[in-house]
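Please walk me through this structure in the viewer, stop by stop. For each stop, tell me what to select and what is there.

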2 protein chains.
Amino acid sequence: MSRKPALPRATRRRGEELEVAVLQAAWDELAAVGYTRLTIEAVATRAATSKAVVYRRWRSRPILVLAALRAYAPMLSGEAPNTGDLRGDLLALLRRVAKRLNEIGAETLNGLLAEYVGDTAREIALDVRAIGVETMMTILTRAAARGEVRLEHITPRIASLPIDLLRNELLTTRTPASATAIVEIVDEIFLPLVQRNG
Amino acid sequence: MSRKPALPRATRRRGEELEVAVLQAAWDELAAVGYTRLTIEAVATRAATSKAVVYRRWRSRPILVLAALRAYAPMLSGEAPNTGDLRGDLLALLRRVAKRLNEIGAETLNGLLAEYVGDTAREIALDVRAIGVETMMTILTRAAARGEVRLEHITPRIASLPIDLLRNELLTTRTPASATAIVEIVDEIFLPLVQRNG
DNA sequence: CCATATAAGATACGTTTAGTATCTTATATT
DNA sequence: AATATAAGATACTAAACGTATCTTATATGG
């Protein structure tokens, strides 16, 4: 089970260099065995250091993994797509988010949601949603300027709807969101909802 | 940590009687300590039996807990509400589902999704969705008969939308879905979507 | 450049739980 | 009444957790 003796190092790493190495190891271990089978011991071994070093910085598995995700898989970074029409923007955004969600995987996302107790969990979830809503509002504002939608119809809940559905798709089916699922979310749900006349 | 010595029993239970007792113990333990801290040992102790007995019937924690949920918390059972208008039916259904989801709790749901690997997980998820869609279609068919919606607009994805959003709410915020969230799902999202004219 | 403080890294430990295996014994079956 | 079956007790190995202790490399600063 990933038992590399992890050849002893020539020099002794410290501070940021060491931190980066551990996060990289966590990220690699995640890819290798998945979240539920990831252990702190294995991460330490992979980073060619010891458990104590890991525990000194990250108190628990979900905290460590979350730090690795923040470093290596920023979910919503990047400019809002600007293809010239709303549908194109939505598809581009959802495909990007889907790609990143799928990189992380249903098992890890579910595992984190299951283990990451405390206020921080909710705060982070709300953060992520806020950033998603922000990006969506950028897209929708441009669409409104083109006369495609009316901004006064858009509530935060509507703006977060596409990404919510995408995440829901991954979490409940445990399979990567398919291309057709993305198109359905846009064409069956979101566009009819925001383009209704009235 | 729930260390009742569990006074020795007079008679020795077998078959169904024993099975029910273990599932009841699992259900109680779930309520007592939550999913992540539920252990097979504690369930066995609570049921006044031994680990081996539990393992003989249920191979793992998620399988055991899922069996307990099926017995004690059927998510979608019951007739489709029939209040006389679509909005009333939707609110009634969502409130019922929300109540049951909240009884189970975000931690358990996330934990199961995280641990329950294999085909069965996806099958069950699809089952649950199918039953939800079925109930929704009953409601929507009656609404169509009253002229409130047009059935030809309704796809499976649209029919499962309200319950999907409800589950998403619980899983990501980790708090019981609020009454206002339910109203928003109905009034901001679902009704505008299915009652659009065209 | 040496003295000192700090933190890396190794190691060991006590604990918990998983999961299996073995054994005795109550009880259902014939 | 004899026999087969499964309950229930117990013991065991094997992770992995999280902590504590100890040595030693290296950064710092006088």
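The tour below goes from one chain to its helices, then to the contact between the chains, and last to the DNA. Keep in mind throughout that this is a predicted model.

**Stop 1: chain A as a whole**

Select chain A and show it as a cartoon. Its secondary structure consists of ten helices and zero strands, so the pattern along the sequence reads α-α-α-α-α-α-α-α-α-α. Along its principal axes, the C-alpha trace of chain A spans about 70 × 30 × 30 Å. Of the 198 residues of chain A, 36% count as buried. Contacts between residues at least 6 apart in sequence can also be sorted by separation: in chain A, 67% of them join residues at least 24 apart.

**Stop 2: helix α4 of chain A**

Select residues 61–72 of chain A, which form helix α4. How far apart should the ends of these twelve residues be at 1.5 Å a residue? The expected span is 16 Å, and the end C-alpha atoms are 16 Å apart, which agrees.

Now colour the buried residues of α4(A): Arg61(A), Pro62(A), Leu64(A), Val65(A), Leu66(A), Ala68(A) and Leu69(A). What covers them? Show the surrounding helices of chain A; the cover includes α1 (15–33), α2, α3, α5 (86–104) and α6 (106–115).

**Stop 3: helix α5 in both chains**

Stay in chain A and select α5(A). This helix has 19 residues and reaches 27 Å from its first C-alpha to its last, close to the 27 Å expected at 1.5 Å a residue. Its buried residues are Leu86(A), Asp89(A), Leu90(A), Leu91(A), Leu93(A), Leu94(A), Val97(A), Ala98(A) and Leu101(A). After α5(A) comes Gly105(A), with a positive phi near 95 degrees.

Next, select residues 86–104 of chain B, which are α5(B). Its 19 residues should span 27 Å at 1.5 Å a residue, and the end C-alpha atoms are 27 Å apart, in agreement. Here Leu86(B), Asp89(B), Leu90(B), Leu93(B), Leu94(B), Val97(B), Ala98(B) and Leu101(B) are buried. Turn the view to look down the axis of α5(B): the buried residues fall within an arc of 155 degrees, so they line one face of the helix. Just after α5(B), Gly105(B) takes a positive phi of about 95 degrees.

**Stop 4: where the chains meet**

Show chains A and B together. How many residues of chain B are in contact with chain A? There are 28, and they touch 28 residues of chain A. On the chain B side, the elements that give two or more residues are α6 (106–115), α7 (119–145), α8 (156–173) and α9 (179–195). Of these, α8(B) gives the most, with ten residues. Sorted by class, this side of chain B has eleven nonpolar, seven polar and ten charged residues.

Now superpose the chains. Chain B can be laid on chain A with an RMSD of 0.1 Å by a turn of 180 degrees and a shift of 0.0 Å along the axis. That is the relation of a two-fold axis. To find the axis from chain B, select Leu193(B): its C-alpha is the one in chain B nearest the axis, at 2.5 Å. The same surface serves both copies, as 100% of the contact residues of chain B recur in chain A.

**Stop 5: one residue, Asp164(B)**

Select Asp164(B), which lies in helix α8 of chain B. Is Asp164(B) buried or partly exposed? It has 19 C-beta neighbours inside 10 Å, and a buried residue needs 20 or more, so Asp164(B) counts as partly exposed. Draw a distance from its C-alpha to that of Gly132(B): the two are 9.3 Å apart in space and 32 residues apart in sequence. Leaving aside neighbours within four places in sequence, Asp164(B) is in contact with Leu165(A) and Asn168(A).

**Stop 6: DNA strand C**

Select DNA strand C and the 24 residues around it. Those that come nearest are Thr49(A), Ser50(A), Thr11(B), Thr39(B) and Ile40(B). Three helices each supply at least two residues of this surface: α3 (51–57) of chain A, and α2 (40–46) and α3 (51–57) of chain B. The most come from α3(A), which gives four residues. By class, the surface near strand C has eight nonpolar, five polar and eleven charged residues.

**Stop 7: DNA strand D**

Finally, select DNA strand D, which 24 residues surround. The closest are Thr11(A), Arg12(A), Thr39(A), Thr49(B) and Ser50(B). For this surface, α2 (40–46) and α3 of chain A and α3 of chain B each supply at least two residues. The largest share, four residues, comes from α3(B). The surface near strand D divides into eight nonpolar, five polar and eleven charged residues.

Definitions and conventions
Residues are numbered from 1 along each chain as its sequence is written. Chains are lettered from A and ligands numbered from 1 in the order in which they are written. This is a predicted model: local features need pLDDT of at least 70, side-chain atom pairs count only at pLDDT 80 or more; totals for chains, interfaces and linings use all residues. A residue is near a molecule or strand if its C-beta atom, placed from the backbone, lies within 6 Å of it. Ala, Val, Leu, Ile, Met, Phe, Trp, Tyr, Cys and Pro count as nonpolar, Asp, Glu, Lys and Arg as charged, and the others, Gly among them, as polar. Two residues are in contact if their C-beta atoms, placed from the backbone, lie within 7 Å. Copies are superposed by least squares on the C-alpha atoms of residues with pLDDT of at least 70 in both. The expected span of a helix is 1.5 Å times one less than its number of residues. A residue is buried if 20 or more other C-beta atoms lie within 10 Å of its own, exposed if 12 or fewer, and partly exposed in between; C-beta atoms are placed from the backbone. The arc is that of the directions from the helix axis to the C-beta atoms.
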